[in-house]
Amino acid sequence: MRQPNIKVIIPAFNEQNAVGMVIDEIPKALVSEIIVVDNGSTDDTFGQAQSRGATALREEKRGYGNACLCGLQHIGNQVNDLPDIVVFLDGDHSDYPEEMYQLVQPIIDGKADLVIGSRALGKKEKGSMTPQQVFGNWLATTLLRWFYGVQFTDLGPFRAVKYESLLRINMQDKTYGWTVEMQLKAAKLGMPTTEVPVNYRQRIGVSKVSGTVKGTFGAGYKILWTIFRYL
């Protein structure tokens with residue numbers, strides 16, 4: 001069996017001190033391209049990504065989903081080099097990129113179209129997730145189980161998905177609802193999904209979501225709105 005073509009998308013906003021470390025720790029034998037989308041940073045995130053050999057893109061429209069969509073547009077334009085699998089992870093060094101092998105294996109084995117890296121099932125460094133993050137994940141995954149009949153323990157950003165399945169999902173969200181939209185649409189389409197435990201550490205820098213009251217409430221509202229929007 002040929003080695004699958006795997007591309008990585010890293011949305012990043014003001015992550016100049018972390019993104020280079022994330023890129024360095026991605027297993028290069030596994031992936032064909034690392035795409036960093038600078039989401040309107042005011043620091044040297046773009047330059048750091050370029051210097052580490054990643055494909056660096058700029059998306060000035062702020063929003064996690066906007067950055068991810070920019071990366072997907074870049075992939076879609078490479079008609080002679082479309083991937084089998086797309087991996088998403090954050091640029092703040094909170095994920096462990098070397099765990100990508102475990103993340104993509106269920107897809108390679110034909111057992112899943114979407115694999116979520118679950119921080120709830122892995123080991124979390126003390127202080128890596130705020131109480132509101134833990135509660136928000138519990139609430140969102142409980143609602144996904146009630147309304148969509150799918151079992152998840154996390155909305156973790158570290159995830160892998162078959163590219164052809166990602167096209168079927170037809171992602172639309174431009175901000176905080178990106179992760180939950182992918183999971184609930186996969187459920188509605190009857191796609192096989194699974195989770196693998198991933199470890200989690202304290203991020204470098206201050207979180208744009210859980211690190212501010214505005215970000216916390218904004219993310220919570222958008223996630224809940226997205227869950228009920230697609231019922």
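**View 1. Arg 201 lies over the face of Tyr 96.** The distance from Arg 201 to the ring centre of Tyr 96 is 3.9 Å. The model shown here, and in every view below, is predicted. Another arginine is placed over a ring at Phe 46. There, the charged end of Arg 58 sits 3.7 Å from the ring centre.

**View 2. Phe 88 and Trp 178 form an edge-to-face aromatic pair.** The structure holds 3 aromatic pairs, and this is one of them. The ring centres of Phe 88 and Trp 178 are 5.9 Å apart. Their planes meet at 65 degrees, and an angle over 60 counts as edge-to-face. Phe 88 belongs to strand S4 (residues 85-88), Trp 178 to helix H7 (residues 178-188), so the pair ties together parts that are 90 residues apart in sequence. Are these two residues buried or exposed? Phe 88 is buried, at a relative accessible area of 0%. Trp 178 is buried too, at 1% relative accessibility.

**View 3. Phe 135 and Trp 138 form a tilted aromatic pair.** Centre to centre, the rings of Phe 135 and Trp 138 are 5.8 Å apart. The angle between their planes is 35 degrees. Both residues lie in helix H5 (residues 131-148). They are 3 residues apart there, which means a separation of about one helical turn. Phe 135 is partly exposed, with 49% relative accessible area.

**View 4. Thr 142 is a buried residue of helix H5.** The relative accessibility of Thr 142 is 5%; the cut-off for buried is under 20%. Asp 154 is 12 residues from Thr 142 along the chain. The C-alpha atoms of Thr 142 and Asp 154 are separated by 9.9 Å.

**View 5. Gln 183 of helix H7 makes a polar contact with Asp 154.** The side chain of Gln 183 reaches the backbone oxygen of Asp 154 at 3.1 Å. Gln 183 is buried, with a relative accessible area of 0%. What does Gln 183 touch, leaving aside its neighbours within four places in sequence? Its contacts are Leu 114, Ile 116, Leu 144, Phe 152, Asp 154, Leu 155 and Arg 159.

**View 6. An open sheet is formed by 7 strands.** The strand order is S3-S2-S1-S4-S6-S5-S7. Pairing is mixed. Which strands stand at the edges? They are S3 (55-58) and S7 (193-197). Each has a single partner strand, so one side of each is left without a neighbour in the sheet. From one strand to the next, the twist averages 20 degrees.

**View 7. Strands S1 and S2 pair in the parallel sense.** Strand S1 covers residues 6-12, and strand S2 covers residues 33-38. The two are joined over 6 bridges. One of the bridge partnerships links Val 8 with Ile 34 in S2.

**View 8. Helices H3 and H7 pack on the sheet.** Helix H3 (residues 64-76) lies across S1, S2, S3 and S4. H3 runs at about 150 degrees to S1. Helix H7 touches S4, strand S5 (114-118), strand S6 (159-162) and S7. The direction of H7 makes about 135 degrees with that of S5. H7 also carries Trp 178, the partner of Phe 88 in S4, and Gln 183.

Terms used: Residues are numbered from 1 along each chain as its sequence is written. This is a predicted model: local features need pLDDT of at least 70, side-chain atom pairs count only at pLDDT 80 or more; totals for chains, interfaces and linings use all residues. Side-chain values use heavy atoms; hydrogens and water are left out. Rings of Phe, Tyr and Trp (its six-membered ring) pair if their centres lie within 6.5 Å; planes under 30 degrees apart count as stacked, over 60 as edge-to-face and the rest as tilted. Helices (H or I, at least four residues) and strands (E, at least two) are DSSP runs, numbered from the N terminus. Buried means under 20% relative accessible area, exposed over 50%, partly exposed in between (1.4 Å probe, protein chains only). A charge sits over a ring if NZ of Lys or CZ of Arg is within 6 Å of the ring centre and within 35 degrees of the ring normal. Two strands pair if DSSP finds at least two bridges between them. Axes are lines fitted to C-alpha atoms, for helices over the stretch in contact, and angles run from 0 to 180 degrees between N-to-C directions. Contact means heavy atoms within 4.5 Å. A polar contact is a pair of N or O atoms within 3.5 Å; within protein, one must be able to donate a hydrogen and the other to accept it, and residues adjacent in sequence count only if both atoms are side-chain atoms.
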